[in-house]
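Colleague: I am new to reading protein models and would like some help. Could we go through one together?

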Amino acid sequence: MDVSFVVSGFAVGLLVGMTGVGGGSLMTPLLTLLFGVSPAVAVGTDLAFASITKGVGTFTHRLRGTVHWDIVRRLCIGALPAALLASLSLKYFGTLNQDIGQLIRYMIGGSVLLTVVALLFKRKMLEWITAHPERQLQGRSLALATIVSGAVLGVLVTISSIGAGAIGATVLVLLYPRLTAAEVAGTDIAYAVPLTAIAAIGHWWLGSIDWNLLLALLVGSLPGITLGSYVARAVPEKLLRGLLAVILVTVAFKLIFKS
C-alpha cells in the first residue's frame, strides 16, 4: 500500500470534514494532477470510494430521520438512467482514448468550478429564493425540475465523479428552500449512494477502478474526516471556504489549461 495515497486520503478527508465539500471535488483533481493517475481511473476509483463512504453517511442520516425519500426518488428517476447512458457512452468511445481522457479532464475542471460557485454563493442564492416565494416551483413543475436536475447530475458524476456533493446540495437548496441544513445533507447523500454505486459499477465494467488505490484512500480518509469534523468547530467557516475556493479555482485552471 503506497503511503503517499494514504496521506492524501487523510488530507482530503480532513478538508471534507472541515468544510463539508464533497471529496470528489478534491480527490479526483489530486489524483490526476499530483500523482498522474489517468482521468478515467481517477474518476472510477473516486466513485467507488464515494459509494462506500456515502453509504455509511446515509445510514446515519436515516437513523436521524433527515432523509426526504420522495425527493431521493425523483432525483434517482433522472440520475440513474443518465448514469447508465453515460457509462455506455464511455464504453463506446473508450475511456482510455487520449481525446476522451482530455474531455474527462475538462469535465472535472468544469465541475470543480461549479463546486466553487456553489460553495461561495449558496447562501446568497437561498436568500434570494426565500425573498421571492413567487419564483419557487410547486407541484409538477417542481417534480420535473428535480428529475431533470438528477439527470444532469447523473451525467456529471459519472464522467467527472464530481457533482453529488456541493452542487447537488445547492440544487436541493434552490428547489426545496424549506429543508433544514441537516435534511439537505441527508437527502443529498442518500440519492448519491445509488448514483455513485451505479457509476462505479459502470467504471468497473470499463476497467477504470484501481482497487489498491481505493483501499489506500479509504484507510487515510476515514480518520481524516473524523478529525476534520472536530477541528471545523475551531476554525472560522468563512476562512475555510475562502481558502478552499482559491485552491479549487487553481486546480480547475490547471486541469483545463494543462497541455
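Colleague: Which residues is L31 in contact with, leaving aside its neighbours within four places in sequence?

Modeller: Contact here means heavy atoms within 4.5 Å. By that rule L31 meets F5, G36, V37, A42, L213 and L217. Please keep in mind that this is a predicted model, where local features need pLDDT of at least 70, side-chain atom pairs count only at pLDDT 80 or more, and totals for chains, interfaces and linings use all residues. Residues are numbered from 1 along each chain as its sequence is written, and side-chain values use heavy atoms, with hydrogens and water left out.

Colleague: What is a nonpolar core, and which residues have the most contacts inside the largest one?

Modeller: A nonpolar core is a set of buried Ala, Val, Leu, Ile, Met, Phe, Trp, Tyr and Cys residues joined through side-chain atoms within 4.5 Å. Buried means under 20% relative accessible area, exposed over 50%, and partly exposed in between, with a 1.4 Å probe and protein chains only. The largest core here has 65 residues, and those with the most contacts inside it are L31, I104, I108, Y176 and Y191.

Colleague: Is helix α2 mostly covered or mostly open?

Modeller: Helices are DSSP runs (H or I, at least four residues) and strands are runs of E (at least two), numbered from the N terminus. Helix α2, residues 24–33, is mostly covered, with eight of its 10 residues buried. Among them are G24, M27, P29 and L31.

Colleague: Where does L217 sit, and what does it touch?

Modeller: L217 belongs to helix α9, residues 211–231. L217 counts as buried because its relative accessibility is 0%. Not counting residues up to four places away in sequence, L217 touches F5, G9, M27, L31, T45 and F49. L217 and F5 are 212 residues apart along the chain, yet their C-alpha atoms are separated by 5.9 Å.

Colleague: Why does the length of helix α6 agree with what is expected?

Modeller: The expected span is 1.5 Å times one less than the number of residues. Helix α6 (residues 139–160) has 22 residues, so it should span 32 Å, and its end C-alpha atoms are 31 Å apart, which agrees. After α6 comes S161, with a positive phi near 65°.

Colleague: What does UniProt add about residues 71–91?

Modeller: The unreviewed UniProt entry places the feature "transmembrane region" at several spans, including residues 71–91 and 239–257. UniProt positions follow the numbering used here, feature names are shortened, and annotations may be inferred rather than shown by experiment. In the model, residues 71–91 are 100% helix and 0% strand, with end C-alpha atoms 30 Å apart.
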